[in-house]
Amino acid sequence: MTTSITIIGAGLGGLTLARVLHVHGITATIYEAEASAAARTQGGQLDIHQDDGQFALEAAGLTDEFRAIIHAGAEAQRVFDRDGRLLLDVADDGLATRPEVLRGELRQILLDSLPADTIRWGHKVTGVRPLGDGRHELTFADGSTVISDLLVGADGAWSRIRPLLSDATPEYIGTTFIETYLYDADQRHPAIAAMVGDGAMYAATPGKGITAHRESGGTLHTYVQLNRSAAWIADIDFTDAAAATARIAAEFDGWAPELTALITEGESAPVPRMIRTLPDGHHWDRTRGVTLIGDAAHLMPPSGDGANLAMLDGAELALAIAAHPGDIEAALTAYEASLFPRSAAFYADAHEILDLCLGDRAPYGLVDLFNGVPQPELEPSARS
């Protein structure tokens, strides 16, 4: 009997899962709420780590394709204080241990690697019903249904599959990233482009910061970081781009103008990204016929690991399924046995990195991190 494997979500994790299964001759179907692969932009640049993201791409047989889209020089790092004083300047050494690629280009590689009928676009899950024996019936917004033998939630922070396993929901951690862009920066904004350099630039004080990444084509992608309440963020009318920009920029009065120009000269409307997390060490009891990968399983503060972990989850689940032919429960048990302790460790890392970026030691804690200085253990209260 052929096992029906149903993946909800066509993000990097779900696509990696489907691709590695395909490499091993196992068929899966992805159901995605968005109408097409081009329904929205796919975010900015990702650094792909050796032990997780690159491992997953190797398991997917896509290392050469990945190497072809690396943004050379983008591993460079600079750290400034609020006055624009350079505290750290690390050049890209060319070793590409954590090479940078655009999320959209990486996703396209995965999309192109799958059989054309793998993804069902425009299928938004509206209901899930257990049928017993690990089987589930899914209902979609168009009224159609499908029955799965193995159901995988790869559908992100607000997963519709997670409630089958856990009552945990994402909670706001008190930090919001506001996203904006500068385009053709070397010609149109040369002073800002020179300050950012070839890779990533960080400037911070406790509770606030400005991070910018150079992307291909001279694009500067900026994240303005603020520790503020949900009510404070809600009070900003982000439909009025000029007023929202002015409100955000006012939080950086007194900062070096070449830093605040990343906000005030932004050429796209500012977009708030409220940072939410699932409980530290989120896990669930083994539930027959269903599991989670990526943010659906372990949403945590941004630390450069989210996409890498989603791809690793997808690859490891696929490898476990391939290693246990005909025994889905053994595969899920093996997968989750490694997933839970790994996730718990990365939750701790994510809190530590956020503290280094915006905590009491900012920006000097971040300088120490990039210089390889051992970091003090966070108090348990700082991880709650």
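In the predicted model, H213 stands opposite H221 in strand 15. H213 belongs to strand 14, on the side shared with G209, T211 and E215. K208, I210, A212 and R214 point the other way. Residues on both sides are buried. Strand 14 spans residues 208–215 and is mostly covered, with 8 of its 8 residues buried.

Strand 14 pairs with two neighbours. Strand 15 (residues 219–227) runs antiparallel to strand 14, and 8 bridges join the two. They form a hairpin with 3 residues between the strands. In that turn, G217 has a positive phi of about 75°. Strand 13 (residues 200–205) is also antiparallel to strand 14 and is joined to it by 6 bridges. Y202 has T211 of strand 14 as its bridge partner. The hairpin of strand 13 and strand 14 has 2 residues between the strands. There, G207 takes a positive phi near 90°.

A helix pair was also examined. Helix 1 (residues 12–23) packs against helix 11 (residues 306–323) at an angle of about 30°. Their axes lie 7 Å apart. The angle is under 35 degrees, so helix 1 is roughly parallel to helix 11. The crossing is right-handed. From helix 1, the contact takes in L12, G13, T16, L17, V20 and L21. These meet A307, A310, M311, G314, A315, L317, A318, L319 and I321 in helix 11. The contact residues divide into 12 nonpolar and 3 polar, with no charged residue.

Note on methods
Residues are numbered from 1 along each chain as its sequence is written. This is a predicted model: local features need pLDDT of at least 70, side-chain atom pairs count only at pLDDT 80 or more; totals for chains, interfaces and linings use all residues. Side-chain values use heavy atoms; hydrogens and water are left out. Axes are lines fitted to C-alpha atoms, for helices over the stretch in contact, and angles run from 0 to 180 degrees between N-to-C directions. Helices (H or I, at least four residues) and strands (E, at least two) are DSSP runs, numbered from the N terminus. Angles under 35 degrees count as roughly parallel, over 145 as roughly antiparallel, 65 to 115 as roughly perpendicular and the rest as oblique. A crossing is left-handed if the near helix is turned anticlockwise from the far one by less than a right angle, and right-handed if clockwise. Contact means heavy atoms within 4.5 Å. Ala, Val, Leu, Ile, Met, Phe, Trp, Tyr, Cys and Pro count as nonpolar, Asp, Glu, Lys and Arg as charged, and the others, Gly among them, as polar. Buried means under 20% relative accessible area, exposed over 50%, partly exposed in between (1.4 Å probe, protein chains only). Two strands pair if DSSP finds at least two bridges between them.
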